[in-house]
Amino acid sequence: MSFGQGGPFDGPGGSSSSTPDWGALAEESEAQTRRKRRLWIGGGALAALAVAGIVTAAVMTSGGSKGGKPTAAPTASDEAAVPDDKPSFPDVSVPPPPNPRDYISDPKKDKAPLTPATLFPQKSMVVGEHSYPRTKTATTKDCTAGAQGPLVSSLSHNGCRQLLRATYSKGGVAVTIGVAVFDSPAKAAKVMNENKANLMPLPGGGVPSDFCQGTKCRMATNATGRYAYFTIAGYLNGKDVTGTETKAQQIARDGGAYAFSQITQRGKDQAAKAAEQQLKDAQKKAGQS
């Protein structure tokens, strides 16, 4: 083995060989690769944080109030807490409706005006298919002035307060209706049971002054509440009423039915007015509570 001049080559700091150190090169390459990976991971994390910050800022900006403060979105519990705006009404307790009969039986309740115009307001008496024009009306506090025979004492002894009369006529016959007012149903019933229906006829408006005077006429009496009512019916020409004729009998029957309906209607009208007032009072009381 021979060497060149100066012997083996000695570089600075040590000896060198002409053959590369492949192991060292491999380690250096691996070290560089690890450094690049760390840089990429760190940069990716920073980018992710930046994106998250942008999204957060966008959410806070879109949900913020005019003052710039973020406002939380409503939750399910907040939506359920919305008040029910359906209207509510107070309970109104209304007493039972008044009984119309009470108003024609009790003078303390029977306070509506009582005149021929209120008791006999229609120009004609209509009962079913029959209609009879009214010819005359009258009223008196002296009940005996509108009666004759035994009815005079009966009205007086039982304390009659007022007597109202009305006459209706058609087809040659007429009927006078009389309604007497008492302080109690018992007094009215007593007059009815005495069966002294001698009512004084009321002429006028085509009914002659001698109507049912000195001739036989049909008479009847009845009572409802504190009212007793009477009828006297006959022919305008002075003909006697017999048991077989029908015209005077029909107008007498219709007169009694009409008197009853008018007295009953008086009770109904007053009861309806009282019920209306009760409802108003109940509504007012409910509004104050």
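**Which residues line the largest pocket?** I started here, keeping in mind that this is a predicted model. The lining takes in A112, P113, L114, T118, L119, P121 and Q122, and then, further along the chain, Q262, Q265, R266, D269 and Q270. I looked up which elements give two or more residues to this lining, and they are α4 (116-119) and α7 (247-288). Of the elements, α7 gives the most, with five residues.

**What is the pocket's make-up?** I sorted the lining by residue type and got five nonpolar, five polar and two charged residues. For the volume, I noted about 190 Å³ of space in this largest pocket. A reminder to myself on the idea behind it: rolling a probe the size of a water molecule over the atoms shows where empty space is left.

**The whole chain.** Next I stepped back to the overall picture. The protein chain has seven helices and eight strands. It runs to 289 residues, and 28% of them count as buried. I also checked how contacts are spread along the sequence. Taking contacts between residues at least 6 apart, I found that 68% join residues at least 24 apart. As for the surface, the chain exposes about 18,500 Å², and carbon and sulfur atoms supply 57% of that area.

**How many aromatic pairs are there?** I counted one. My note on how to describe it: a pair of aromatic rings is given by the distance of the centres and the angle of the planes. Here the partners are Y168 and Y258, 5.7 Å centre to centre with 75° between the planes. That makes the pair edge-to-face, as the angle is over 60 degrees.

I then asked where the two tyrosines sit. Y168 is in strand β5 (residues 162-170) and Y258 is in helix α7, so their pairing ties together parts that are 90 residues apart in sequence. Helix α7 had already turned up in my pocket entry, as the element that gives the most to the lining. Are Y168 and Y258 buried or exposed? Both Y168 and Y258 are buried.

**An odd backbone angle.** My last stop was C212. Most residues other than glycine have a negative phi. C212 is not a glycine, yet its phi is positive, at about 55°. I traced C212 to the loop between α6 (185-194) and β7 (218-224). Is C212 buried or exposed? With a relative accessible area of 8%, C212 is buried, because the cut-off for buried is under 20%.

Terms used
Residues numbered from 1 in each chain as written. Predicted model: local features only at pLDDT ≥ 70, side-chain atom pairs only at ≥ 80, totals over all residues. Heavy atoms only, no water. Helix = DSSP H or I, 4+ residues; strand = E, 2+ residues; numbered from the N terminus. Buried < 20%, exposed > 50% of the residue type's maximum accessible area, 1.4 Å probe, protein only. Contact = heavy atoms within 4.5 Å. Areas by Shrake-Rupley, 256 points an atom, 1.4 Å probe, with all protein chains shown as cover. 1 Å grid on protein atoms, 1.4 Å probe; cavity = no way out; pocket = protein on both sides within 12 Å on 5 of 7 lines; lining within 4 Å. Points joined across faces, edges and corners; volume = space filled by probe spheres on them. Nonpolar A, V, L, I, M, F, W, Y, C, P; charged D, E, K, R; others polar. Phe/Tyr/Trp six-rings, centres within 6.5 Å; stacked < 30°, edge-to-face > 60°.
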